[in-house]
Amino acid sequence: MPFFLVKGDITTMKVDAIVNAANRSLLGGGGVDGAIHRAAGPGLLMECRTLGGCATGEAKITKGYRLPANYVIHTVGPVWQGGNCNERELLIQAYRSSLELAAENGCRTVAFPLISSGVYGYPKDEALRVATDTVEDFLRSCDMTVFLVIFQASDYDIGRALFDDISAEVACCKTERPAPEHGLDGGCTGPCPSGDAFCRMLLQRLAASGMSHDLFCQKANLTKELFASFSCAPCPRPSKPVAMACAVALELPEGDIAALLASAGYGFSDTPVFDRIVRYFISRGVYRIVEINKALFAFGEPQLGG
């Protein structure tokens with residue numbers, strides 16, 4: 001049930017299904033729609049001609065043809081008309097229809113573009129908010145990994161005031177990766193921990209919280225398979241973004257986050273940009289990982305979860 005933002009080309013995503021921001025005819029167009037049709041080849045257009053178009057907010061599915069994805073889910077987002085013509089509800093419906101169709105067809109991995117944010121004119125920051133809120137809500141009851149593919153990082157805005165606020169917070173940070181013993185990649189100056197100490201502490205904290213395992217996976221942006229590995233012996237050592245995600249999902253105070261990270265061999269400081277951004281949110285009582293990941297993505301840092 002993880003959800004990640006990705007910078008790249010949706011036509012290259014190796015997932016069960018990619019979502020096409022199509023027009024009502026489903027016969028191809030510009031932007032993402034045109035790119036998907038070109039990459040898939042003429043078979044996609046031939047199948048789309050049999051579908052009879054698609055209403056705004058609805059979705060239809062075809063094969064992927066030459067794409068790495070098995071399926072293409074075509075949905076029609078709303079044209080922005082100022083915000084008073086049911087645009088938000090129609091955009092939510094476009095995402096939900098696509099997710100429901102993916103689930104019905106057994107898809108475990110799905111990639112979306114930022115629907116309606118191109119020629120349809122939906123404000124990018126609002127389009128991003130609808131996308132993240134809708135996908136996050138859907139993943140509470142469905143075991144699926146979702147990627148939101150942003151063609152250019154500049155194509156969205158996490159909110160100018162917040163962006164500037166975080167920019168000021170990290171301005172004094174060094175841009176180099178931190179020393180290995182505190183690094184995201186987990187290099188250790190001495191013997192690396194096996195992960196057993198981290199897993200024991202995590203499971204103890206989780207039991208004390210009373211949170212269900214499913215809810216924890218959803219809040220921590222983890223696959224159920226990765227969480228299950230925490231009960232194995234020996235327990236695999238998590239990456240720092242995974243360890244941090246677990247601590248954030250448990251809504252631990254900063255000192256306890258540092259202790260949980262230390263059990264996996266990581267540090268928590270003000271120096272790395274990654275740490276600084278996470279600390280910015282937890283110091284303000286914001287533990288919603290999708291919000292933290294928007295900022296980490298904007299600054300080119302690894303996202304929480306796995």
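User: What makes the sheet in this chain open, and in which order do its strands stand?

Analyst: In this predicted model, six strands line up as β1-β6-β5-β2-β4-β3, with mixed pairing. The two ends of that order are β1 (3-7) and β3 (59-63). Each has a single partner strand, so one side of each is left without a neighbour in the sheet. Neighbouring strands are turned by 25° against each other on average, direction ignored.

User: How do you know that β1 and β6 pair?

Analyst: Pairing takes at least two bridges between two strands. Five bridges join β1 to β6 (residues 145-150), and the two run parallel. One of the residues involved is Phe3, whose bridge partner in β6 is Val146.

User: Which helix packs on the sheet by touching β1 and β6?

Analyst: That is α12 (residues 289-298). The direction of α12 makes about 15° with that of β1.

User: What describes the packing of α11 against α12?

Analyst: The axes of α11 (residues 273-282) and α12 come within 10 Å and cross at roughly 145°. The crossing is right-handed.

User: Which residues of α11 and α12 meet, and how do they divide into nonpolar, polar and charged?

Analyst: From α11 come Phe274, Ile277, Val278 and Phe281. They meet Glu291, Ile292, Ala295 and Leu296 of α12. The division is seven nonpolar, no polar and one charged. Glu counts as charged, so Glu291 of α12 is the charged one.

User: Why is Asn86 called partly exposed?

Analyst: Partly exposed lies between the 20% and 50% cut-offs of relative accessible area. Asn86 has 42%, so it counts as partly exposed. Asn86 sits in the loop between β4 and α3 (87-104).

User: What is notable about phi of Asn86?

Analyst: Phi of Asn86 is near 70°, a positive value in a residue other than glycine. Most residues other than glycine have a negative phi.

User: Is Glu251 buried, partly exposed or exposed, and what is its phi?

Analyst: Relative accessibility is 43% for Glu251, and exposed would need over 50%, buried under 20%, so Glu251 is partly exposed. Phi of Glu251 is positive, about 55°, although Glu251 is not a glycine. The residue lies in the loop between α9 and α10 (254-263).

User: What is the omega of the peptide bond between Ala233 and Pro234, and where does Pro234 lie?

Analyst: Omega is about -5°, and the bond is cis. Pro234 lies in the loop between α8 (224-229) and α9 (240-249). Most peptide bonds are trans.

Conventions
Residues numbered from 1 in each chain as written. Predicted model: local features only at pLDDT ≥ 70, side-chain atom pairs only at ≥ 80, totals over all residues. Heavy atoms only, no water. Helix = DSSP H or I, 4+ residues; strand = E, 2+ residues; numbered from the N terminus. Axes fitted to C-alpha atoms, helices over the stretch in contact; angles between N-to-C directions. Contact = heavy atoms within 4.5 Å. Left-handed = near helix turned anticlockwise from the far one by under 90°. Buried < 20%, exposed > 50% of the residue type's maximum accessible area, 1.4 Å probe, protein only.
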